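Work through the exercises below with the sequence and the coordinates at hand. Each task is followed by a solution in steps.

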Amino acid sequence: MRVVSLVPSLTEAVAVSLPGVLAGATDWCSHPAGLDVPRVGGTKNPKLDRILALAPDLVVANEEENRAPDLTALREAGVEVLVTEVRNVPQAFRELARVLEACGAVSRPRWLDEAEAAWSRLPEAGPRRTAVVPIWRRPWMVLGRDTFAGDVLARLGVDHLWSDHPERYPRVPVEELRAAAPDVVVLPDEPYRFTADDGPEAFPGLRCALVSGRHLTWYGPSLVEAPRVLGEALRAARR
């Protein structure tokens, strides 16, 4: 089995679970550390000729991260493409199991069982808090409706204020974000790399939590430690 992954979190899941199966990955596939496979461009602009040259048995993709025209072109070239849809944590577990089975796994990897266990026994989060969750600036964009990251935060006791917006990633002026007066501003380090020096200064007087984007938005082996890592970052913003 030869698999090309166009999704960083799925790349990590396949590489960790099925060594030797991954034949190619995007330039953004940074995990596991030291991953040594041919690169096929970005998630939004994959090099289709490179993918076809690798002669994959399967390409794994995601309906949000990858563009439909690229996936259609691969299918028309005779390549089997598996497209995932992940909007919440339970769905992530189901889709991960489906992907790994399609890639040749004969049993569930231990990390997947550990991740499900970690999310099934979350500690008491205390009083629920409200948040805004920017994912980009220039222009400012935030989590909106029906997102995996939003579900992750909700399970950790944090309700983001744009969860009912018609768009999944709406553009919202920063003045409106400040005026919403959330309990915490959650600033991940991807897709935009917010840091202590780039992000918090836009929200004077508000508590900010700098969090790992991999643990907030990826669905793969990072789910094992995501409750602990994100919980620690969110609690630190209370101090």
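**Exercise 1. Give the strand order of the open sheet of four strands, and its edge strands.**

Step 1. The order is β2-β1-β3-β4 with parallel pairing, where strands are DSSP runs of E of at least two residues, helices are runs of H or I of at least four, and both are numbered from the N terminus. Two strands pair if DSSP finds at least two bridges between them.

Step 2. β2 (22-25) and β4 (81-84) each pair on one side only and are the edge strands.

Step 3. From one strand to the next, the twist averages 20 degrees.

Step 4. β1 (residues 3-5) pairs with β2 over three bridges, in the parallel sense. V4 has G24 in β2 as its bridge partner.

The model is predicted: local features need pLDDT of at least 70 and side-chain atom pairs count only at pLDDT 80 or more, while totals for chains, interfaces and linings use all residues. Residues are numbered from 1 along each chain as its sequence is written, and side-chain values use heavy atoms, with hydrogens and water left out.

**Exercise 2. Which strands does helix α1 touch, and which does helix α3 touch?**

Step 1. Helix α1 (residues 8-17) packs on the sheet and touches β1, β2, β3 (58-62) and β4; contact means heavy atoms within 4.5 Å. The direction of α1 makes about 160 degrees with that of β2. Axes are lines fitted to C-alpha atoms, for helices over the stretch in contact, and angles run from 0 to 180 degrees between N-to-C directions.

Step 2. Helix α3 (residues 68-76) also packs on the sheet, touching β3 and β4, and its direction makes about 155 degrees with that of β4.

**Exercise 3. Classify the ring pair of W136 and Y192, then place both residues.**

Step 1. Rings of Phe, Tyr and Trp (its six-membered ring) pair if their centres lie within 6.5 Å; planes under 30 degrees apart are stacked, over 60 edge-to-face, the rest tilted.

Step 2. The ring centres of W136 and Y192 are 5.4 Å apart and the planes are at 80 degrees, so the pair is edge-to-face.

Step 3. W136 lies in strand β6 (residues 134-136) and Y192 in the loop between β9 (184-188) and β10 (208-211), so the pair ties together parts 56 residues apart in sequence.

Step 4. W136, at a relative accessible area of 34%, is partly exposed, whereas Y192, at 13%, is buried. Buried means under 20%, exposed over 50%, partly exposed in between (1.4 Å probe, protein chains only).

Step 5. Y192 also forms a tilted pair with F194, at 4.6 Å centre to centre and 50 degrees between the planes.
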